[in-house]
Amino acid sequence: MKNIGDELVPIDRLDDKLLKDFLSKNAISLTIEEARKIPKLIGRNPTLTELYIFNVQWSEHSSYKSSRWVLKKLLPTEAPNVMLGPVEDSGIVELGIINGEKYGIVVSHESHNHPSQVVPYEGAATGVGGIIRDVLCMGAKVIGTADPLRFGNPNGKNKNKVKYIANEVINGIAGYGNAVGIPNLCGDVYFNDSFDENCLVNVVCLGVLKEKDIIHSYAPENAEEHDIIIVGKATDNSGFGGAAFASLTLDEKDRESNRGAVQVPDPFLKNVIIRATYEVFSEAKKQKVTLGFKDMGAGGIMCATSELCSDSDYGCILDLDKVNAGMPGLPPYVIACSETQERFTWISPRNFTKTLLKIYNEDFELPNTAEGAKAVVIGTVTKEQNYVIRHHGKIVCNVPIKAVTKGISYERERKEPKRNFREPRFEEPDNLNQFALKILANPNVASKAKGYKHYDTNVLGNQIIQTGYADAGVIAPVEGSSFGVALKADCNPKYCRINPYWGSVNAVAESMRNVAAVGAIPSALTDCLNFGNPEKPEAFWDFYECVRGIGDAAKHLNLKGTTYPVPIISGNVSFYNESAKGTSVDPSPVIACIGIIEDYSKSVTMKLKKENSILVLVGERKDELGGSVYYELFNETGANVPKIDFEKEKNTIYGVIDAINEGLVLACHDISDGGLLTSVSEMILGGDADGEIGAEINLNFTKLRADKTLFSESSGFVMEVSRNNITRVKEIFDFYKIKVFEIGKTGGKSLAVINFDEKIIDLPIAKLREAWTRGFVEALE
């Protein structure tokens, strides 16, 4: 009890029932066993403030207590192009050498699922705000975001709620991203019943920097007695307990009380903070000052300060009376753990503190931008590895800092769940025109323009291929350089429902195909792992299998030109995505792939460019329709998910990249949701659905049934190639031992499909357009 001036919680004198009641009454989500572990670690009963600190920092969201060992065991994180792996707020992959300087692309990938289910607009908006902070705090210029989204069934029993959440999430992403001035580069959207009670809002962010300008999210060397400075919005009670809330099962009856755990966004303040922070970067370089810098997200001041100091084997002393509070009378645990938005934490040598404060408070006038906003010194780094907090002259927390940041871990039980998926049996339908249009109108296939047209996709003027025009977005990250960066995120939840391992393998492979389809080399991956309750052995088995699939795919689909894996450099784990009734989301390991192209002028879109070109198929059509959109039309799920042949997939991707970079490909599109017919239809229509060049394809290259040939979702590509380039294209794929098929030609005003001299599909472009542009709109209306 030495030096503690706050009342202690008598954990050692409470029986299990009384302790459980106390934890519940105080909205503390620690288990009884975890609460009893605290006195053993710190040598006494905790104060209430300490209890809240452990509650937040020991949550799944902050501690990775169930997942960390799995990630370390199974995921490859090292390769020659990795400048920083998944050990800080963001990872960094090499872009290239520009004017003698090595540049890196900073990447972060997070989730904001629970907040977006409870308060969709604010939840999604603050998800964007948080991911931008993660990238900025590495010293980077923020250059773009992406938004993989999962919603419930828009035509099911909860359709009104689903539509409301989907619309508000899209509005929140737009409202924040547009105002803060960061373009949206890409995303994807899936709907199904498993997300009725738990939507998924994942966010990806990119930044760019020079290697020499990297700032780390830990205290620098010799940081004893450095100042701890917080910057941004005045601290209030918004988002208090947000990290712990993100690690709970959602219960509809708690909806109103859960709203308080959701943060309140202020993108206009963030815009000013970003610009001021760029000035701090510049001034620190001039003065050759080394700083520590961290996003203040989950766990607020407590999480940021404890991790900054703990990761460098320091402690700290904080004085909460110095915090710029936006509300009177806040208790110390709220000030310490609140997740008020638009805040950062710096660790600065004292001789630079005055400069840092002046930039924020005077040069960029934070106090005049938002009430109570400012930069202020709240503490000091200490050699002693204790985490100490003062409030109103009393010490309300004094614990070993490693107990807070490293004190909890689990190796959960795994048990394979029973899965009884079977392949359906039915005759091939007569009218494939009708089925083709239904597939194009399915909201998981249809154009997402109604969503991404809300977003400012080119606010920085750096986008080479904007959202929706190709399989991946492409930007020019460094002005005056030809280097381009491609980005795409993917994961089909139904594949993972059927087989978590192959579902995650497909997510990795598809994200890499999408990047390759614009001509970029898949160079790094991130993963956002969205699952149910890890305390359930079946749910943890799904998680483990998905991570195993990601690891195997990354290891075997090598970094082009090397034997190294495509490295995973950043990621996030989101557990407890299930309702109080025990309904879990489909396992959803959302993968983002970052691609590098040395000359972005060579990148291609999916839209057909001219008549009388040859359509080339790469990738055999197989009887792999498990989880397909086609089976969904028959209310079937199926069992045969696409199974990736790693060697063929790798060589197919390499061949596509080579062909595009030699200037041999006019348009390219990967094959995934909806199959071959969808890919060709989307190439006809283009991103704006204004295409006027049709196509004719012939199915004489396969013995597979016509409907399965057209709608199988086996991996592959369709390329548009000029006749005078077809020989060279075949030579490239011959080198990689990959067979290609000339399946048709461009031209006319319709999509025609021939099977053994019989025209089995004949659809005017206008009908394709009407179906493809209708489905997603109807899902939101």
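In the predicted model, strand S8 (residues 292-295) pairs with strand S10 in the antiparallel sense over 4 bridges. Within this pairing, Gly292 stands opposite Ile347 of S10. Strand S10 also pairs with strand S7 (residues 227-232), again in the antiparallel sense, over 6 bridges. Here Ile230 has Thr345 of S10 as its bridge partner. Strand S10 itself, spanning residues 343-348, is mostly covered, with 6 of its 6 residues buried. Burial extends to both faces of the strand: Arg343, Thr345 and Ile347 are buried on one side, and Phe344, Trp346 and Ser348 are buried on the other. Thr345 and Ile347, which belong to one face of S10, thus recur in the two pairings, Thr345 as the partner of Ile230 and Ile347 as the residue opposite Gly292.

The pairing continues from S7 to strand S11 (residues 374-382), which S7 meets in the antiparallel sense over 6 bridges. In this pair, Val231 stands opposite Ala375 of S11. Strand S11 is joined in turn to strand S9 (residues 315-319) by 4 bridges, and these two strands run antiparallel. Gly315 stands opposite Thr382 of S11.

A further set of strands lies later in the chain. Seven strands form an open sheet, with 7 strands in the order S21-S23-S20-S24-S22-S25-S26 and mixed pairing. Strands S21 (667-671) and S26 (758-764) occupy the edges; each has a single partner strand, so one side of each is left without a neighbour in the sheet. From one strand to the next, the twist averages 20°. At one edge, S21 pairs with strand S23 (residues 716-721) in the antiparallel sense over 5 bridges. Cys668 stands opposite Met719 of S23 in this pairing.

Met719 is also a prominent member of the largest nonpolar core, which contains 97 residues: Ile105, Leu206, Phe543 and Met719 touch the most other members. Helix H20 (residues 500-516) supplies the largest share of this core, 9 residues. Apart from this core lies another, of 66 residues, whose members include Ile229, Ile273, Tyr452 and Tyr455. The surroundings of Ile105 were examined beyond its neighbours within four places in sequence. Its contacts there include Gly91, Ile92, Val93 and Leu95, together with Ile143. Ile105 is likewise in contact with Leu206, Gly207 and Val208, as well as with Pro477, Val485, Ile594 and Ile596. The contact between Ile105 and Leu206 joins two of the residues that touch the most other members of the core.

At the level of the whole chain, 27 helices and 26 strands are present. The radius of gyration is 26 Å, close to the 28 Å that the globule rule gives for 781 residues, so the chain is as compact as a globular protein of that length. Along the principal axes, the C-alpha atoms fill a box of roughly 90 × 60 × 45 Å. Of the 781 residues in the chain, 66% are buried. Among contacts with a separation of 6 or more, 83% are accounted for by residues 24 or more positions apart. The accessible surface of the chain comes to about 28300 Å², and carbon and sulfur atoms account for 46% of that area.

Key. Residues numbered from 1 in each chain as written. Predicted model: local features only at pLDDT ≥ 70, side-chain atom pairs only at ≥ 80, totals over all residues. Heavy atoms only, no water. Core = buried A, V, L, I, M, F, W, Y, C linked by side-chain atoms within 4.5 Å. Buried < 20%, exposed > 50% of the residue type's maximum accessible area, 1.4 Å probe, protein only. Contact = heavy atoms within 4.5 Å. Pairing = 2+ DSSP bridges. Axes fitted to C-alpha atoms, helices over the stretch in contact; angles between N-to-C directions. Rg over C-alpha atoms; globule rule 2.2 N^0.38 Å. Areas by Shrake-Rupley, 256 points an atom, 1.4 Å probe, with all protein chains shown as cover.
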